[in-house]
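Subject: Structure for your review

Dear colleague,

Please find below the structure that I am handing over to you. I would be grateful if you could read the notes after it with the sequence and the model open beside you.

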Amino acid sequence: MRAYGEVATLLAGACGLIATDSKNIPIIFDNWPKVPKSYKDDCSNTLKNLFHFQTLEAIAKRYCLLTMARKYRDGKLNMWSSVYDTSSSREQLIAKVPYGIHKDQWLSFVDYHLRAEYQVEVRNGKGVGDQEALGPHGEVVRQGHCTPFPTNSTGKNFVAKEFLGI
């Protein structure tokens with residue numbers, strides 16, 4: 001299932017706002033699979049209240065969770081890229097708490113990114129910019145290894161008006 005046109009932009013923007021707001025999903029989780037289901041469910045319910053999906057709830061939720069997974073990952077990467085400087089000490093990085101982020105979350109976030117294991121992953125190109133998708137049971141899988149997007153009763157891929165009821 002994919003959304004198209006202006007509505008797709010609106011839905012993706014809403015997913016991004018919800019997933020990158022540290023009040024909804026704290027930045028303390030290393031990656032999307034480690035975010036507890038309760039946070040993901042709360043975010044899905046927020047989207048369900050904002051949008052009217054004319055498809056199975058499970059399909060809409062899967063699509064939104066996939067979008068939020070990318071937005072969460074990209075938001076954290078952008079946040080780190082905006083403050084990280086190789087010449088900065090840990091204390092200097094900790095002092096650069098972004099607006100809206102709780103200090104305890106920021107401390108955990110900085111410590112995670114300064115770990116030697118994280119630095120090795122970045123140097124090897126792992127974990128940054130990988131294409132991910134949600135599998136049939138909500139697990140994150142690499143693109144190319146996941147099930148195809150759902151189709152409608154005629155076997156064709158969903159279009160925006162079927163997906164969003166336009």
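The notes below go from the whole chain to its cores and then to single residues.

Please keep in mind that this is a predicted model.

**Overall make-up**

The protein contains 7 helices and 2 strands. Read from the N terminus, the order of the elements is α-α-α-α-α-α-β-β-α. The chain has 166 residues, and 36% of them count as buried. Its accessible surface amounts to about 9900 Å², with 55% of that belonging to carbon and sulfur atoms. Among contacts with a separation of 6 or more, 62% are between residues 24 or more positions apart.

**Nonpolar cores and aromatic residues**

The largest nonpolar core consists of 20 residues, and L11, I25, W32, L47, C64, M68 and Y72 have the most contacts inside it. At least two residues of this core come from each of helix 1 (5-19), helix 2 and helix 3. Helix 3 makes the greatest contribution, with 7 residues. Another core, of 11 residues, lies apart from it and includes W80, I101, W106 and Y118.

Aromatic rings form 6 pairs in the model. W80, Y84, W106 and F109 belong to one aromatic cluster.

**Two residues of helix 2**

Helix 2 spans residues 37-50 and contains K40. What is the nearest side chain of opposite charge to K40? It is D41, at 8.5 Å, and K40 is buried without a salt bridge. A salt bridge requires the nitrogen and oxygen atoms to be within 4 Å, so a side chain at 8.5 Å does not qualify. Leaving aside residues up to four places away in sequence, K40 touches W32, P33, V35 and L65.

S44 also lies in helix 2. Is S44 buried or exposed? The cut-off for buried is under 20% relative accessible area, and S44 has 9%, so it counts as buried. With the same sequence neighbours left aside, S44 touches K61, L65 and M68. L65 is thus a contact of K40 and also of S44.

**Salt bridges**

The model has 8 salt bridges. In one of them, the side chains of E57 and K48 meet at 3.0 Å, N to O. E57 is exposed, with a relative accessible area of 51%, whereas K48 is partly exposed at 38%.

R90 and D111 form another salt bridge, with their closest N and O atoms 2.7 Å apart. This pair connects distant parts of the chain, since R90 is in helix 4 and D111 is in helix 5 (residues 103-114), 21 residues apart. Both count as partly exposed: R90 has 33% relative accessibility, and D111 has 31%.

A further salt bridge joins E117 and R115, whose closest N and O atoms are 3.8 Å apart. E117 is partly exposed at 47%, and R115 is partly exposed at 32%. In addition, K37, D41 and K61 are linked in a network of salt bridges.

**A loop residue**

Where does S89 lie? S89 is in the loop between helix 3 (57-83) and helix 4 (90-94). Its relative accessible area is 28%, so S89 counts as partly exposed. S89 and L114 are 25 residues apart along the chain, and their C-alpha atoms are separated by 10.0 Å.

With kind regards

Key. Residues numbered from 1 in each chain as written. Predicted model: local features only at pLDDT ≥ 70, side-chain atom pairs only at ≥ 80, totals over all residues. Heavy atoms only, no water. Phe/Tyr/Trp six-rings, centres within 6.5 Å; stacked < 30°, edge-to-face > 60°. Helix = DSSP H or I, 4+ residues; strand = E, 2+ residues; numbered from the N terminus. Buried < 20%, exposed > 50% of the residue type's maximum accessible area, 1.4 Å probe, protein only. Contact = heavy atoms within 4.5 Å. Areas by Shrake-Rupley, 256 points an atom, 1.4 Å probe, with all protein chains shown as cover. Lys, Arg positive; Asp, Glu negative; His and termini not counted. Core = buried A, V, L, I, M, F, W, Y, C linked by side-chain atoms within 4.5 Å.
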